[in-house]
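Me: I should like to understand the reasons behind the labels given to parts of this structure. May we go through them one at a time?

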Amino acid sequence: MPQDIPFDWLLRVSSRAKRPRITISVHGLVELVWPHRMPKRYINTMLNEHKFWVVKQLASIDIQHKDIIPPKTIDLIAIHQTYDVIYQQQKGRTRLKEQNGKLEIFGDIQDKEVLRHVLNMWVKKKGREVLSPWLEDVAEDMDVSFGQVSIRLQKKRWGSCSTKGNINLNAALLFMPDYLVRHVLIHELTHLTHHNHSAAFWSAVEKFEPDYKSNRALLKEYGQRVPAWLTSPFTHDLHKPLKG
Ligand SMILES: [Zn+2]
């Protein structure tokens, strides 16, 4: 058996694989897929050649541990709710069911892109359920009225307000503490009267949110903590084809 390999790994002999490859699961499980026909005496060389690559990938999984895909739990901080996620491999279209504070996903759970899509759709739906009425409440407090609200999953913006008075909100706000959600809602609603970031805009914001400056800084901080599966493509399922 190979020497000096600084990680645990499993050998999977495959009759279908044409070339050897190393896969690293989201949980850091290293598997060497070895073509049935290839002599096993080359395994040692293969692992040695790629060990630094594997170690690097494992380290990046550690760093991004909180974002592990697929998520076992989803913590919607804004509404103080944590959902356990259960995955079930099944034939047919992949679908998600929310029941008793649990999410069950049935279908092709190996397909990470499909999983991501299903989860993102659920977050958007939750965003509509939660953020739309929330916006109405805050608008009432501020005594302003807006046109339409739409909930999206943008990569960079928390929200926006059009000159027609329509407001877009990012469903990722569900992963922020409630006072930061309110911070964004106040900001966008203030744009109904001030379509810019003038001094008048900020003093109008301050009227409803005296702490807006520190909250603005906190939002940047918290923004880093949005789960990776939410908006970015999967990067944690690492495959690298190896030269036979
Ligand atoms: Zn603004």
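Reply: Let us begin with a definition: Ala, Val, Leu, Ile, Met, Phe, Trp, Tyr, Cys and Pro count as nonpolar, Asp, Glu, Lys and Arg as charged, and the others, Gly among them, as polar. With these classes, the lining of the largest pocket divides into six nonpolar, twelve polar and six charged residues. Please note that the model is predicted.

Me: How large is the volume of the largest pocket, and which residues are closest to its centre?

Reply: The volume of the largest pocket is about 670 Å³. The lining has 24 residues, and K156, R157, W158, G159 and L219 are the closest to the centre.

Me: Which helices and strand each supply at least two residues of that lining?

Reply: They are strand 9 (159-161), helix 3 (178-190) and helix 5 (212-223).

Me: What makes an atom a donor of the zinc ion?

Reply: A donor is an N, O or S atom within 2.8 Å of such a metal. The NE2 atoms of H187, H191 and H197 coordinate the zinc ion at 2.0 Å. Since 2.0 Å is within the limit of 2.8 Å, these nitrogen atoms therefore count as donors. Along the chain, the donors follow the spacing H-x3-H-x5-H.

Me: Why is H191 called buried?

Reply: A residue is buried when its relative accessible area is under 20%. H191 has 9% relative accessibility, so H191 counts as buried.

Me: How do you know whether G165 is buried or exposed?

Reply: The relative accessible area of G165 is 8%, so G165 is buried. This glycine is found in the loop between strand 9 and strand 10. G165 and H191 are 26 residues apart along the chain, and their C-alpha atoms are separated by 8.3 Å.

Me: What makes a set of residues a nonpolar core?

Reply: The set consists of buried residues of certain nonpolar kinds, joined through side-chain atoms within 4.5 Å. The largest nonpolar core has 47 residues, and those with the most contacts inside it are I74, L169, F175, M176 and L189. Helix 2 (residues 112-142) gives the largest share of this core, eleven residues. At least three residues come from each of domain 2 (73-114) and domain 3 (122-223). In soluble globular proteins, nonpolar side chains tend to be buried together.

Me: Why does F175 count as buried?

Reply: The relative accessible area of F175 is 6%, so F175 is buried. F175 lies in the loop between strand 10 (167-170) and helix 3. F175 and L76 are 99 residues apart in sequence, while their C-alpha atoms are 5.0 Å apart in space.

Me: Is P20 buried or exposed, and how do you know?

Reply: P20 is buried, because its relative accessible area is 1%. P20 is found in the loop between strand 1 (10-14) and strand 2 (21-24). The C-alpha atoms of P20 and P35 are separated by 5.9 Å, and the two residues are 15 residues apart along the chain.

Me: Why is H80 called exposed?

Reply: Exposed means over 50% relative accessible area. H80 has 64% relative accessibility and therefore counts as exposed. H80 is found in the loop between strand 4 (73-76) and strand 5 (81-89). Its phi is positive, about 55 degrees, although H80 is not a glycine.

Me: What makes D143 exposed?

Reply: D143 has 69% relative accessibility, so D143 counts as exposed. The place of D143 is in the loop between helix 2 and strand 8 (149-152). D143 has a positive phi of about 60 degrees, although D143 is not a glycine.

Note on methods: Residues are numbered from 1 along each chain as its sequence is written. This is a predicted model: local features need pLDDT of at least 70, side-chain atom pairs count only at pLDDT 80 or more; totals for chains, interfaces and linings use all residues. Side-chain values use heavy atoms; hydrogens and water are left out. Donors are N, O and S atoms within 2.8 Å of the metal (3.2 Å for Na, K and Ca); water is not among the atoms, so sites may look incomplete. Buried means under 20% relative accessible area, exposed over 50%, partly exposed in between (1.4 Å probe, protein chains only). On a 1 Å grid over the protein atoms alone, a cavity is a set of points where a 1.4 Å probe fits but cannot get out, and a pocket is an open set with protein on both sides within 12 Å along at least five of seven lines; lining residues have an atom within 4 Å of a point. Grid points are joined across faces, edges and corners, and a volume is the space filled by probe spheres set on the points. Helices (H or I, at least four residues) and strands (E, at least two) are DSSP runs, numbered from the N terminus. Domain bounds come from an automatic or database domain assignment.
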